[in-house]
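Trainee: Could we go through this structure together? I should like to begin with the terms and then move on to the details.

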Amino acid sequence: SGIPVVDYVRWNGATYPMARIDSDIQFVEGCIKDREEHPEKYPDEDIPAVLARQRALLKKLRQEANDRKER
């Protein structure tokens with residue numbers, strides 16, 4: 001699936017993979033970067049509009065993270 005497995009955990013007699021998952025901020029940053037560097041991957045998207053929405057979401061996520069730190 002492309003998700004990096006970093007370890008395994010046993011629970012109820014079964015073994016499950018543990019994966020490294022990006023934070024929401026890292027995920028959105030990656031989406032923005034990929035669209036900026038490889039717009040050809042997204043032929044059916046209005047890239048400028050999608051980037052504008054993603055940048056707005058990134059700003060919101062960063063503000064929420066800063067608000068949590070200040071508490």
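Mentor: Let us fix one term before anything else: a residue is buried under 20% relative accessible area, exposed over 50%, and partly exposed in between. Please also keep in mind that this is a predicted model.

Trainee: Where does arginine 55 fall on that scale, at 41% relative accessibility?

Mentor: Arginine 55 counts as partly exposed, because its relative accessibility is 41%. Its side chain meets that of glutamate 36 in a salt bridge, 2.4 Å from N to O. Glutamate 36 lies in helix α1 and arginine 55 in helix α2, so the pair ties together parts that are 19 residues apart in sequence.

Trainee: And glutamate 36, how does it count?

Mentor: Glutamate 36 counts as partly exposed, at 44% relative accessibility.

Trainee: How many salt bridges are there?

Mentor: The count comes to five salt bridges. One of the others joins glutamate 45 to arginine 35, with the closest N and O atoms 2.8 Å apart. Glutamate 45 lies in the loop between α1 and α2 and arginine 35 in helix α1, so this pair ties together parts ten residues apart in sequence.

Trainee: Is arginine 35 buried or exposed?

Mentor: Arginine 35 counts as buried, at 10% relative accessibility, whereas glutamate 45 is partly exposed at 30%. Aspartate 34 is a further charged residue to note: it is buried, with a relative accessible area of 18%. The side chain of aspartate 34 forms a salt bridge with lysine 41, at 3.1 Å from N to O.

Trainee: Let us turn to α1 itself. Which of its residues are buried?

Mentor: They are Val28, Cys31, Ile32, Asp34 and Arg35. These residues cover an arc of only 165 degrees around the axis, which puts them on the same side of α1. The general background is that an α-helix has 3.6 residues a turn, so residues three or four places apart point the same way.

Trainee: What do those buried residues pack against?

Mentor: They pack against α2, residues 47-70. Helix α1 itself covers residues 24-37 and reaches 20 Å from its first C-alpha to its last, close to the 20 Å expected.

Trainee: Which contacts does isoleucine 32 make?

Mentor: Leaving aside neighbours within four places in sequence, isoleucine 32 is in contact with Leu51, Gln54, Arg55 and Leu58. Glutamine 54 is found in helix α2, and it is buried because its relative accessibility is 13%. Not counting residues up to four places away in sequence, glutamine 54 touches Val28, Cys31, Ile32 and Arg35.

Trainee: Which residues make up the largest nonpolar core?

Mentor: That core has seven residues: Val28, Ile32, Tyr42, Ile47, Leu51, Leu58 and Leu61. The elements that give two or more residues to this core are α1 and α2. Helix α2 gives the most, with four residues.

Trainee: Changing topic, how many bridges join strand β1 to strand β2?

Mentor: Six bridges join them, and the two strands, residues 5-11 and 14-19, run antiparallel. Valine 5 stands opposite alanine 19 in β2, and aspartate 7 stands opposite methionine 18 in β2. β1 and β2 form a hairpin with two residues between them, and asparagine 12 in the turn has a positive phi of about 50 degrees.

Trainee: How many of the seven residues of β1 are buried?

Mentor: The count is zero, and β1 is hardly covered.

Conventions. Residues numbered from 1 in each chain as written. Predicted model: local features only at pLDDT ≥ 70, side-chain atom pairs only at ≥ 80, totals over all residues. Heavy atoms only, no water. Expected span 1.5 Å × (residues − 1). Buried < 20%, exposed > 50% of the residue type's maximum accessible area, 1.4 Å probe, protein only. Arc of directions from axis to C-beta. Contact = heavy atoms within 4.5 Å. Pairing = 2+ DSSP bridges. Core = buried A, V, L, I, M, F, W, Y, C linked by side-chain atoms within 4.5 Å. Salt bridge = Lys/Arg side-chain N within 4 Å of Asp/Glu carboxyl O.
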